[in-house]
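These are my notebook entries on one structure, kept in the order in which I looked things up. I wanted to follow the charged pairs before turning to the loops and the helix packing.

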Amino acid sequence: MATGWDPRTSDDLDGGEWRPVLDVPPPGRQRRWTVLLRWLLLVPQFIVVAVLSLAAFFVTIAGWFSALVLGRLPDPIASFLGSVLAYQTRVLASATLLVDSYPPFSFEAPGHPVRIELRSTPLNRWAVFFRLILMIPASIVASLAQTGWFAIGWVFWLIGIVLGRLPEPVFGATAAVVRYRMRLTAYAMMLTPVYPKGLLGDTPQPAAAQPTSATRPLVLGTPAQVLVWLFLLLGLAGHITSGTVRSDSDDYHAASPSPAAATE
């Protein structure tokens, strides 16, 4: 099932491991009015995603204990978490202007252009036990990339309004960020044993191989890769600036006398 969890032994491995896949159609025309109002229109979806994410948090905890014992996720837990991940990804793809289709308020979305594919594979119990520690580097990378995208996302928003579509480099770099976030979440939920990778795209396929979608494989040209690096740098700058401002604010409040002390 391409939108959620497929409880089959994978016979389609890349280098001995199956990576969660994101399928998005090539960039096409978008209605300018939906681009203009995109984030406002998605407010109800953001609320649903917040509720589902909270539920998924507790289910993931249950899955963590189950995976330590069984070496895999029980199918009901995996199915629910896979469905939540697919829902989150559809909303994120719409929010980042990858597609014009509004995400349905449903786990099942057979007609929606954004799809993910997960495969049931065994889990290493040691990797499950230390999952929170192992995912720290990838979490930092994903946070920087996503923060950097939203720092200049308004530029892409203006481009979408003017052109009615996203240019190829912007589409590719944005899809890379969305896919990396999806893979990180799948790893955190133990839906995959494979560490998140592919932020700078995939290796070009042989000429005879037919691409399944615009993001399978996701081959980024130089302009798109430069944009990804820009996202990371902007995200890093944002975090440093935020930390500096917070530190200066704390120092100011520590140095400022309290009203009570000032009246003594």
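**Entry 1: Glu117 and its partners**

I began with Glu117, which forms a salt bridge with Arg216, the closest N and O atoms being 2.9 Å apart. The model is a predicted one, and I read every value below with that in mind. I then looked up where the two residues sit: Glu117 is in strand β3 and Arg216 is in the loop between α8 and α9 (222–255), so that this pair links distant parts of the chain, 99 residues apart. I noted that Glu117 is buried and that Arg216 is buried as well.

A second partner turned up when I went on around Glu117, whose side chain also meets that of Arg119 in a salt bridge, at 2.6 Å from N to O. Here too I checked the exposure, and both Glu117 and Arg119 are buried. Taking these contacts together, I found a network of salt bridges that links Asp23, Glu117, Arg119 and Arg216.

Staying with Arg216, I looked at the peptide bond that follows and found that Arg216 and Pro217 are joined in cis, with omega at about 0°. Pro217 belongs to the loop between α8 and α9.

**Entry 2: Another salt bridge, from the loop after α4**

How many salt bridges does the count come to by this rule? I get six. One that I followed further is the salt bridge of Asp100 with Arg38, in which the closest N and O atoms are 3.0 Å apart. Asp100 lies in the loop between α4 and β3, whereas Arg38 is in helix α2 (residues 38–41), so the pair ties together parts that are 62 residues apart in sequence.

Are the two partners buried or exposed? Asp100 has a relative accessibility of 17% and counts as buried, because the cut-off for buried is under 20%. Arg38 is buried too, with a relative accessible area of 3%.

**Entry 3: Pro104 and Leu97 in the loop between α4 and β3**

I next looked up Pro104, which lies in the loop between α4 (75–95) and β3 (115–120). Pro104 has a relative accessible area of 28% and is therefore partly exposed, a class that runs between 20% and 50%. Leaving aside the neighbours within four places in sequence, I listed the contacts of Pro104 as Gln45, Tyr87, Arg90, Ala109 and His112. For one of these, Arg90, I also noted the separation from Pro104, which is 14 residues in sequence and 8.8 Å in space, C-alpha to C-alpha.

Leu97 lies in the loop between α4 and β3 as well. What drew me to Leu97 was the backbone, since phi is near 70°, a positive value in a residue other than glycine. I recorded Leu97 as buried at 2% relative accessibility.

I made a parallel note for Met190, which is placed in the loop between α8 and α9. Phi of Met190 is near 65°, again a positive value in a residue other than glycine, and at 2% relative accessibility Met190 counts as buried.

**Entry 4: Helix packing around α8**

Two packed helices are described by the angle between their axes and the distance between the axes. I looked these up for α4 and α8, which pack at about 160° with their axes 10 Å apart. With angles over 145 degrees counting as roughly antiparallel, α4 and α8 are therefore roughly antiparallel to each other. Their crossing is right-handed. In this contact Leu85, Gln88, Thr89 and Leu92 of α4 meet Val178, Arg181, Met182, Thr185 and Ala186 of α8. By class, I have five nonpolar, three polar and one charged residues in the contact of α4 with α8.

For α7 (residues 136–163) and α8 (residues 168–188) the packing angle is about 145°, and the axes are 10 Å apart. I noted that α7 passes α8 in a left-handed crossing. On the α7 side the residues in contact include Ala138, Val141, Trp149 and Phe156, and on the α8 side Val170, Thr174, Tyr180 and Leu184 are among them. By class, the contact of α7 with α8 has ten nonpolar, four polar and one charged residues.

Note on methods:
Residues numbered from 1 in each chain as written. Predicted model: local features only at pLDDT ≥ 70, side-chain atom pairs only at ≥ 80, totals over all residues. Heavy atoms only, no water. Helix = DSSP H or I, 4+ residues; strand = E, 2+ residues; numbered from the N terminus. Buried < 20%, exposed > 50% of the residue type's maximum accessible area, 1.4 Å probe, protein only. Contact = heavy atoms within 4.5 Å. Axes fitted to C-alpha atoms, helices over the stretch in contact; angles between N-to-C directions. Left-handed = near helix turned anticlockwise from the far one by under 90°. Nonpolar A, V, L, I, M, F, W, Y, C, P; charged D, E, K, R; others polar. Salt bridge = Lys/Arg side-chain N within 4 Å of Asp/Glu carboxyl O. Parallel < 35°, antiparallel > 145°, perpendicular 65-115°, else oblique.
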